[in-house]
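This report goes through one protein chain, from its overall build to a few of its residues. Keep the sequence and the 3D view at hand while reading.

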Amino acid sequence: MDDRFVTLLRPFLRFLPEGRTPAPDDRLHDLGLDSMQAIELLFAVEDTFGVSLPDEKLTDATFETAGSLWQAIVETAPDTVGSRP
């Protein structure tokens, strides 16, 4: 996960303790992401990274953890964000 992603994700995670960086296996729902925010997060991801996640990636599994969302971004635009998990 890169710094842009962590910075983008943090405001959506109201239960993430201040000063703590989300870990790849952190469950986004447990940290405060709800379904309406997931839509806002999707738009923010697409704007920030210049990607359009394909329909098959718009699943609960993609938004399960910080790592699964990051992986979907990397798989969609590896040249834009690199291949770091």
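Contact here means heavy atoms within 4.5 Å. The model discussed below is predicted.

## Overall build

The chain contains 4 helices and 0 strands. Read along the sequence, its pattern is α-α-α-α.

Along the principal axes, the C-alpha atoms fill a box of roughly 30 × 25 × 20 Å. A compact globule of 85 residues would have a radius of gyration near 12 Å, and the chain agrees with this because its own value is 12 Å. Among contacts with a separation of 6 or more, 46% join residues 24 or more positions apart.

## Surface and charge

The accessible surface of the chain is about 4900 Å². Carbon and sulfur atoms make up 53% of that surface. Of the 85 residues, 44% count as buried.

The chain carries 7 positive and 16 negative charges. The mean position of the positive charges lies 6 Å from that of the negative charges.

## Helix 3 and its cover

Helix 3 spans residues 66–76. Which residues of helix 3 are buried? They are Ala66, Gly67, Leu69, Trp70, Ala72, Ile73 and Val74. The cover over these buried residues includes helix 1, helix 2 and helix 4, the last of which runs over 78–81.

## The nonpolar core

The largest nonpolar core has 26 residues. Within this core, the residues that touch the most other members are Phe5, Leu41, Phe49, Leu69 and Ile73. Helix 1, helix 2 and helix 3 each supply at least two residues of the core. Leu69 and Ile73 also appear among the buried residues of helix 3.

Phe49 can be followed further. Leaving out residues up to four places away in sequence, Phe49 touches Asp2, Arg4, Phe5, Leu8, Trp70, Ile73, Thr80 and Val81. Two of these partners, Trp70 and Ile73, are buried residues of helix 3.

## Arg10 in a loop

Where in the chain is Arg10 found? Arg10 sits in the loop between helix 1, residues 3–9, and helix 2, residues 35–49. Its relative accessible area is 22%, so Arg10 counts as partly exposed; the cut-off for buried is under 20%.

Apart from neighbours within four places in sequence, Arg10 is in contact with Leu16, Pro17, Glu18, Gly19 and Arg20. Thr21 is 11 residues from Arg10 in sequence, and their C-alpha atoms are 7.9 Å apart in space.

Terms used:
Residues are numbered from 1 along each chain as its sequence is written. This is a predicted model: local features need pLDDT of at least 70, side-chain atom pairs count only at pLDDT 80 or more; totals for chains, interfaces and linings use all residues. Side-chain values use heavy atoms; hydrogens and water are left out. Buried means under 20% relative accessible area, exposed over 50%, partly exposed in between (1.4 Å probe, protein chains only). The radius of gyration is taken over C-alpha atoms; the globule rule is 2.2 Å times the number of residues to the power 0.38. Accessible areas come from the Shrake-Rupley method with a 1.4 Å probe; for residues, only the protein chains shown count as cover. Lys and Arg count as positive and Asp and Glu as negative; His and the chain ends are not counted. The place of a charge is taken as NZ of Lys, CZ of Arg, CG of Asp or CD of Glu. A nonpolar core is a set of buried Ala, Val, Leu, Ile, Met, Phe, Trp, Tyr and Cys residues joined through side-chain atoms within 4.5 Å.
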